[in-house]
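Load the model and colour it by secondary structure. The stops below are ordered so that each selection leads to the next.

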Amino acid sequence: MKKAIGIDIGGTKIAAGIISETGEILNRAEENSDPSDREKMFKKVIDTVERVFTESSLSIDDMEGLGVGIPGKVDREKGIAVFQNNLPWAQFPIKERLQDQFGLKRAVIDNDVYMAAFAEWKAAGANSKETLVYVTISTGISCAIVNQGTFYRGAGFGGELGLIPVLTGAKGTKWERLETAAAGPAIEKLARRNLQEESLSAKDIFEHYKSGAFEYQSIIDEVTNLWAQGLYSISCLLDPHRVVFGGSVIANNPSLLEIIKEKLESFQISEQKHLLRNMTISTIRQDNGVIGAGLRVFEEI
């Protein structure tokens with residue numbers, strides 16, 4: 001059985017694992033990121049991969065190669081991390097550095113959401129006749145599109161769902177970008193402002209909501225309405241066969257899916273409502289980035 005290293009790099013944490021060609025995680029390790037300096041951040045990536053092998057009977061020589069998902073814009077052909085909001089890696093030659101470090105000839109880099117989307121597409125059956133959209137709602141909001149077995153990238157920045165403007169406020173009179181208005185940090189900001197409570201985390205907000213606390217209902221109602229606005233853009237522009245949700249905000253609160261469907265349906269015309277039957281939450285959750293990165297070593301799209 002062939003095996004590869006999958007690496008999922010973020011501004012908060014780095015996860016790495018040994019991935020089989022069937023998508024199984026054989027070993028996994030995680031470290032906190034250190035975005036204070038580009039070399040310190042790279043050292044954290046190396047430490048995470050080395051931890052995987054320390055806790056495994058396998059070695060680097062058993063690997064077919066490595067795949068790595070990175071936030072922001074990447075140059076896949078040159079192997080460069082071009083731009084990120086949360087890492088100190090502008091124009092960082094990540095592919096070459098990792099190949100030099102581990103001596104592997106095969107290395108694949110891509111945006112982290114695209115890596116996660118690949119894992120979700122494979123988990124959904126890898127249907128090359130359909131359009132699948134993977135939507136992540138976490139610290140940020142983004143999506144990746146797999147159309148008939150190939151990523152749709154546009155000129156290189158396709159899938160930035162979080163940049164779509166949505167109408168916010170009680171009367172829907174103010175335009176904001178979806179990510180600014182309804183990603184994890186924005187939800188915290190909204191709740192702290194409305195409830196005059198400075199210590200609320202996103203986790204606290206959803207726990208209070210699920211417990212039935214009345215004052216949190218309007219916050220979740222507003223946020224899910226904003227998500228539905230963004231999703232309706234996807235519904236109209238792509239008319240996808242399937243949407244899979246990931247990211248900590250939605251994956252940790254699966255009951256929100258039915259609310260999202262209800263709000264999205266209010267926007268849709270009848271010919272678009274087929275999508276409601278094919279909206280699901282990831283079954284591989286927070287490991288999809290690691291799995292997708294490893295699987296891309298065996299198969300490029």
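Start with the open sheet: five strands in the order β3-β2-β1-β4-β7, with mixed pairing. Helices (H or I, at least four residues) and strands (E, at least two) are DSSP runs, numbered from the N terminus, and two strands pair if DSSP finds at least two bridges between them. Select β3 (25-32) and β7 (107-111) to see the edge strands, each of which pairs on one side only. Neighbouring strands of this sheet are turned by 15° against each other on average, direction ignored. Axes here are lines fitted to C-alpha atoms, for helices over the stretch in contact, and angles run from 0 to 180 degrees between N-to-C directions.

Before going further, note that this is a predicted model, in which local features need pLDDT of at least 70 and side-chain atom pairs count only at pLDDT 80 or more, while totals for chains, interfaces and linings use all residues. Residues are numbered from 1 along each chain as its sequence is written, and side-chain values use heavy atoms, with hydrogens and water left out.

**Strand β4 and helix α3**

Select residues 66-70, which are strand β4. Five bridges pair β4 with β7 in the parallel sense. Show G67 and, opposite it in β7, V108. Now add α3, which packs on the sheet and touches β1 (3-9), β4 and β7. The direction of α3 makes about 105° with that of β7. Contact means heavy atoms within 4.5 Å.

**The β5-β6 hairpin**

Move to residues 73-75 (strand β5) and 80-83 (strand β6), an antiparallel pair with three bridges. D75 has I80 in β6 as its bridge partner. The two strands form a hairpin with four residues between them, and G79 in the turn has a positive phi of about 75°.

**Two loops with positive phi**

Most residues other than glycine have a negative phi. Which residue in the loop between α3 (112-123) and β8 (131-137) should be selected next? Pick A126, which lies in that loop. Phi of A126 is near 50°, a positive value in a residue other than glycine. A126 is partly exposed, with a relative accessible area of 26%. The classes are: buried under 20% relative accessible area, exposed over 50%, and partly exposed in between (1.4 Å probe, protein chains only).

Then go to Q196, in the loop between α5 (184-195) and α6. Q196 is not a glycine either, yet its phi is positive at about 55°. Is Q196 buried or exposed? At 67% relative accessibility, Q196 counts as exposed.

**F157**

Select F157 in the loop between β10 (150-152) and β11 (165-168). F157 has a relative accessible area of 44% and is therefore partly exposed. Add F83 to the selection: the two residues are 74 apart in sequence and 11 Å apart in space, C-alpha to C-alpha.

**Strand β13 and its partners**

Next, show β13 (242-246). Four of the five residues of β13 are buried, leaving the strand mostly covered. β8 runs parallel to β13, and five bridges join them. L132 stands opposite R242 in β13. β13 also pairs with β14 in the parallel sense, over three bridges. In that pair, V243 stands opposite M279 in β14.

**Helix α9**

Select residues 256-267, the twelve residues of α9. From first C-alpha to last, α9 reaches 17 Å, close to the 16 Å expected at 1.5 Å a residue; the expected span is 1.5 Å times one less than the number of residues. Which residues of α9 are buried? They are L256, L257, I260, K261, K263 and L264. The buried residues of α9 pack against α6 (202-210), α7 (214-238), β13, α8 (248-251) and β14 (279-281).

**The whole chain**

Finally, zoom out to the full protein, with its ten helices and 14 strands. The C-alpha atoms fill a box of roughly 60 × 45 × 35 Å, taken along the principal axes. Buried residues make up 50% of the 301 residues. Among contacts between residues at least 6 apart in sequence, 62% join residues at least 24 apart.
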